[in-house]
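Me: I have a two-chain model open and I'd like to learn how to read its features one by one. Could you walk me through it?

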Amino acid sequence: MNSNARPFAALHPDIGTGPVSTMPAVDPAFFEKEREHIFRKMWINMILREEDLPNAGDYFVRDIEVLDVSVIVVRGDDGKLRAVHNVCPHRGNRLVREDGGNRKGFQCDFHGWVFDNQGELVFVTDEQRFHDLDKPNLGLAKVHLDTWRGFVYVNLEETPSQTLEASMADFNQDLKPFPFENMVLAGRYRYEAKANWKTTMNAFQESYHAAFVHKRSVQQCLEDDADPYLASHRIKLQPNGNQSISVHLPPHELTPTEMIAYGMGATFTQGGDADQAAIPGTAQEGIENWAFDLNIMFPFSRINVGAGWYYVDAFWPITHDRTVYELAFYFPIPTSAGAMISQEYSKIVLRDLSREDLFTNEVTHNALRSGAIKSIQLSDQEIAVRHQYEKVTEFCGTESAGDDHE
Amino acid sequence: MTMSSGLPENFKHLEPYQGWAHSTEDGRMRQRLEATMDEITDYYRALLPEVNNIANHLQQWPLDAIPAAQKPLLFMALMFMETAMCVEFFHEPDVPEALGAEHIEIYAGRAEQLVNQSG
């Protein structure tokens with residue numbers, strides 16, 4: 001037990017301890033402000049690794065619905081990764097309809113203009129009938145791209161107001177050394193939830209809910225009477241909105257299936273043994289029964305690291321009451337069937353457990369929309385939720401622009 | 001995926017369960033959701049003592065070189081993990097009080113691609 005049951009508020013006197021308004025979670029007008037002041041200015045985690053596009057011509061397309069853009073990330077013949085708008089500069093047609101693949105170049109299916117895989121305009125059909133085409137300046141419109149430890153990010157500002165590295169802030173020390181390059185994609189999931197992106201995300205920012213929402217899926221980890229709510233020992237809030245929350249899980253009796261899985265690899269709920277070598281880029285060393293760190297890059301993507309795995313996820317805002325939760329789970333490349341079978345266990349645990357969280361979020365969002373309550377009450381264990389509302393209102397204000405949204 | 005006509009010698013007794021050998025995680029989850037709890041429990045009990053044996057048996061091939069005739073064994077072991085959730089945690093085929101499975105899309109990881117692209 002902590003001698004002090006509320007250790008975190010004292011470290012952040014600026015964000016207070018009082019009730020937090022529900023307005024930012026339900027007001028459509030507030031969402032419009034978030035779109036302009038936050039989403040349009042952020043570095044966007046594409047949930048894509050550099051090694052996912054190893055060869056010249058490999059490309060990946062992501063629609064970022066909240067900004068009404070479609071972005072192509074492509075490796076050019078010169079070996080460089082670039083991001084460009086998925087829009088033909090001729091008349092504005094969408095250039096690529098596939099999700100990804102490999103191409104020497106891109107041809108628009110409206111009038112046949114051709115661009116190479118570096119984004120340059122290389123061929124105009126019936127070019128003689130155009131007037132003074134400035135071909136060198138009619139390549140695909142560029143989007144800022146940068147990478148951090150192999151993760152691909154884009155930024156849609158004209159000129160990014162800060163570098164990707166600056167926006168990673170303390171993660172440049174705390175997380176950067178994690179051995180990401182030793183792992184590959186084990187599974188990828190996409191969930192649609194009818195809830196505000198913050199409401200959706202809030203259940204993933206504390207471990208207090210586990211005893212209830214996950215009472216079935218991780219019941220074996222909830223039987224320690226001294227620690228029934230898995231109260232986190234480490235919550236680190238960064239000034240720019242980034243957060244890190246360390247989750248520990250008490251020693252527990254393994255089910256027959258987890259025993260099998262753990263016999264052939266690390267599992268989601270069993271990994272950070274005391275006798276295990278230190279895992280760089282994690283808080284493992286300082287925390288008894290450490291299980292994993294949730295690392296949130298403000299505003300809505302995460303790189304969560306455990307003992308022998310990591311997963312990247314994002315709570316993509318679509319509208320004020322719709323969110324897409326996307327999750328990509330990485331494990332050491334399985335060299336044998338046993339490793340693959342073991343990893344399947346953790347994949348399914350995390351996949352099913354996420355559905356428990358997302359169900360709660362939809363119900364909560366509807367309840368908040370009803371206007372029955374105007375504020376939420378947050379414990380010291382839920383300080384990351386408080387911090388998130390603090391940051392979004394810092395950018396977007398505390399006033400409802402719409403007013404009669406109830 | 002087409003099922004091979006029979007399982008390797010040491011696993012002949014699992015042949016009645018070959019219908020559970022789906023090649024993708026998505027296919028396995030959907031079959032789990034369509035099955036009854038009795039069917040799931042029966043499958044779980046049949047596979048529980050065999051998963052380690054299957055892993056040991058398949059150890060002789062790299063993932064991308066598992067012969068077609070052996071793959072159903074791998075898929076059955078992976079399917080076991082789906083049924084284990086139902087038997088050990090949920091006591092029903094689906095996740096109770098959860099976002100509906102119709103709202104999820106599941107994409108293949110590298111291992112699934114390696115296994116399904118080969119032979």
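Reply: Sure. Take a single pair across the chains to begin with: the side chains of Arg32(B) and Asp352(A) meet in a salt bridge, 2.9 Å from N to O. Keep in mind that this is a predicted model.

Me: How many salt bridges does the rule find across the interface of chain A and chain B?

Reply: Eight salt bridges turn up across the interface of chain A and chain B. For polar contacts between chain A and chain B, the count is 15 residue pairs, both partners at pLDDT 80 or more.

Me: Which elements give two or more residues to the side of chain A that touches chain B?

Reply: They are strand 12 (183-193), helix 7 (256-263) and helix 8 (337-369) of chain A. Helix 8 of chain A gives the most, with 16 residues. By type, the residues on that side of chain A divide into 18 nonpolar, nine polar and 14 charged.

Me: And how do I put a size on an interface?

Reply: The size of an interface is often given as the accessible area lost when the parts come together. Here chain A and chain B bury about 3900 Å² between them, and 63% of that is on carbon and sulfur atoms. In residues, 41 of chain A are in contact with 44 of chain B.

Me: Let's move on to helix packing. What should I look at?

Reply: Two packed helices are described by the angle between their axes and the distance between the axes. Try helix 3 (residues 51-58) and helix 4 (residues 71-90) of chain B: they pack at an angle of about 145 degrees, and their axes are 10 Å apart. The crossing of helix 3 of chain B past helix 4 of chain B is left-handed.

Me: Which residues make that contact?

Reply: Helix 3 of chain B brings Val51(B), Ile54(B), His57(B) and Leu58(B), and helix 4 of chain B brings Leu73(B), Leu74(B), Ala77(B) and Phe80(B). Sorted by type, the contact has seven nonpolar residues, one polar and no charged.

Me: What about contacts between parts of a chain that are separated in sequence?

Reply: Look at Met37(B), which lies in helix 2 (residues 37-47) of chain B. Along the chain Met37(B) and Pro93(B) are 56 residues apart, yet their C-alpha atoms are separated by 5.9 Å. Neighbours within four places aside, Met37(B) is in contact with Cys86(B), Val87(B), His91(B), Glu92(B) and Pro93(B).

Gln31(B), in helix 1 (residues 25-34) of chain B, is another one to try. Its contacts, again without neighbours within four places in sequence, are Gly19(B), Trp20(B), His22(B) and Met79(B). With His22(B), the side chain of Gln31(B) makes a side-chain polar contact at 2.3 Å.

Me: Why does the salt bridge of Arg94(A) and Asp63(A) tie together parts that are apart in sequence?

Reply: First the pair: the closest N and O atoms of Arg94(A) and Asp63(A) are 3.2 Å apart. Arg94(A) sits in the loop between strand 5 (81-85) and strand 6 (100-102) of chain A, while Asp63(A) is in strand 3 (residues 58-64) of chain A, so the salt bridge ties together parts 31 residues apart in sequence. Over all chains, the count comes to 35 salt bridges.

Me: Any backbone details to check?

Reply: Two. The peptide bond from Phe298(A) to Pro299(A) is cis, with omega near 5 degrees, and Pro299(A) is in the loop between strand 15 (290-297) and strand 16 (301-306) of chain A. Then there's Arg149(A), a residue other than glycine with a positive phi, near 50 degrees. Arg149(A) lies in the loop between strand 10 (142-148) and strand 11 (151-155) of chain A.

Notes: Residues numbered from 1 in each chain as written. Chains lettered and ligands numbered in written order. Predicted model: local features only at pLDDT ≥ 70, side-chain atom pairs only at ≥ 80, totals over all residues. Heavy atoms only, no water. Axes fitted to C-alpha atoms, helices over the stretch in contact; angles between N-to-C directions. Helix = DSSP H or I, 4+ residues; strand = E, 2+ residues; numbered from the N terminus. Left-handed = near helix turned anticlockwise from the far one by under 90°. Contact = heavy atoms within 4.5 Å. Nonpolar A, V, L, I, M, F, W, Y, C, P; charged D, E, K, R; others polar. Buried area = accessible area lost by both parts, 1.4 Å probe. Salt bridge = Lys/Arg side-chain N within 4 Å of Asp/Glu carboxyl O. Polar contact = N/O pair within 3.5 Å; in protein donor to acceptor, adjacent residues only side chain to side chain.
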